[in-house]
Structure formats: structure tokens, C-alpha cells
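Work through the exercises below with the sequence and the structure at hand, and try each task before you read its solution.

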Amino acid sequence: MPEIKILANMDKRNPESVKLNQYERNVYSQAGEDGIIEAIFDVIGTKNRWCVEFGAWDGVHFSNTCRLIREEGWSAVLIEGDEDRCSEIRANHPDEDRVYPMHRWVGFDAGKDTIDDILKETPIPQDFDRISIDIDGIVTHAVADEDATVGHLRNGFLGNDGILP
């Protein structure tokens, strides 16, 4: 019969590389994302300082892009399905040259309502730096981009192991 050995310390990751919690800081975000996003871009740099947020609410409340827009001068496409909330985005970000509020629902029908279809209506470059997704449902079907840093829903009560897809 084969022998099963339990080996201690099987996790070969550098412990420092998974400790983003030390950078948690809220300016507009809900669970420390503002500080974590800042730390990530301090390391990897930026290409063009463009970001996308869908499920943007009012563009400020618990936003993972508002700090980038207001404090670092980033350009943004903020997508929100609720018409009243999208009006609030326009009021909260009146700089129409840099911020593009979109009253749209992101869907799955290519040529109609995918994130790519919506972004084609804006001047955002194809290789934008960041996308933040705050929607209910299957996030992995909504976007797949190998180059942009992708934001995700995070359950702060579960810590790093509580990251949701």
C-alpha cells in the first residue's frame, strides 16, 4: 500500500508577495482597495492611466477608481446600469474630457452589449491599465483581459482567502 506523507510548508510563494493587506487604505473604497491598487501600480507602473469601472454606482461611494481619477488625474469610463446613479456620476465627475459616464448594462451579446462593445463608444485605449468590476453575477463571463489589472469583489471578513472570482 502506498505511503502518504504530509509535508509541512508546501506553500512555496514568497510570503511578502501575498501580503497586500499591509497596504489597505480607504479613501473612497470599501475594503482597503485604494491603498492596495496604489501599491500595485507603484510596482508595475502604468501604460496610459485609463481605468474602467462597471457597477460604478455614483462614481464615488465605495469606488475603486475615484481616487485614481481625483487624486492622480486618471481618465475613466464609469459604467452604471441605473439611470439615476449614472446621473450622479455625471454630477460627481463633471470633467467630461477625462471621465465618460455610460448608462449601460454589460451583457454577453457580442456586437451589442459586451464590455468591448461599450468601450468602443469611448476614446479609451485598448490597452487601458485597470478595470474594476462590481456587479452581481458571473464576473468571469463579463470580462477577460490578459493585460489590464482586474479588480474583483473581495470579502473583507474572509481575508485574502475570501477573494471572490
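**Exercise 1: Strand β1 and its partners**

Val52 has Ile131 of β4 as its bridge partner. Bear in mind, as you work, that this is a predicted model.

Task: Find which strands pair with β1, and state in which sense and over how many bridges they do so.

Solution. Begin with the pair Val52 and Ile131, which links β1 to β4. Strand β4 covers residues 130-133, and it pairs with β1 in the parallel sense over four bridges. Next, look at Phe54, which stands opposite Ile79 in β2. Strand β2 covers residues 75-80, and its pairing with β1 is parallel as well, over five bridges. Finally, follow the chain from β1 through helix α2 (residues 66-72) to β2, and you have traced a right-handed β-α-β unit.

**Exercise 2: The two sides of β1**

Task: Sort the residues of β1 by the way they point, and decide whether they are buried or exposed.

Solution. Start from the general rule that side chains in a regular strand alternate between the two faces of the sheet. In β1, Trp50, Val52 and Phe54 point one way, while Cys51 and Glu53 point the other way. Then consider the cover: the residues on both sides are buried, so that five of the five residues in this strand, which runs over residues 50-54, fall into that class. For the protein chain as a whole, by comparison, 39% of the 165 residues count as buried.

**Exercise 3: A serine in β4**

Task: Explain why Ser132 counts as buried, and name the side chain with which Ser132 makes a polar contact.

Solution. First locate Ser132, which has its place in strand β4. A residue is buried when its relative accessible area is under 20%, and Ser132 is therefore buried, because its value is 1%. As a last step, turn to the side chain of Ser132, which makes a polar contact with the side chain of Asn64 at 3.4 Å.

**Exercise 4: Cysteines without a bond**

Task: State how many disulfides the structure holds, and explain why Cys66 does not form one.

Solution. Recall that a disulfide is a covalent bond between the sulfur atoms of two cysteines. The structure holds zero disulfides. For Cys66, the closest cysteine sulfur belongs to Cys51 and lies 9.7 Å away, which is too far for a bond. The accessibility is a separate matter: Cys66 is buried with a relative accessible area of 0%, and Cys86 is also buried, with a value of 0%.

**Exercise 5: Two residues in a loop**

Task: Determine in which loop Trp57 and Phe62 are found, and what value phi takes in each of them.

Solution. Trp57 is found in the loop between β1 and α2, and Phe62 is found in the loop between β1 and α2 too. Phi of Trp57 is near 55 degrees, a positive value in a residue other than glycine. Phe62 likewise has a phi near 55 degrees, again positive in a residue that is not glycine. To complete the picture, note that Trp57 is partly exposed at 39% relative accessible area, and that Phe62 counts as partly exposed at 37%.

**Exercise 6: The whole chain**

Task: State how many helices and strands the protein chain has, and in what order they run.

Solution. Counting gives five helices and five strands. Read from the N terminus on, they run α-β-α-β-α-β-α-β-α-β.

Key
Residues numbered from 1 in each chain as written. Predicted model: local features only at pLDDT ≥ 70, side-chain atom pairs only at ≥ 80, totals over all residues. Heavy atoms only, no water. Buried < 20%, exposed > 50% of the residue type's maximum accessible area, 1.4 Å probe, protein only. Pairing = 2+ DSSP bridges. Right-handed = clockwise from strand over helix to strand, strands pointing away. Polar contact = N/O pair within 3.5 Å; in protein donor to acceptor, adjacent residues only side chain to side chain. Disulfide = S-S within 2.5 Å.
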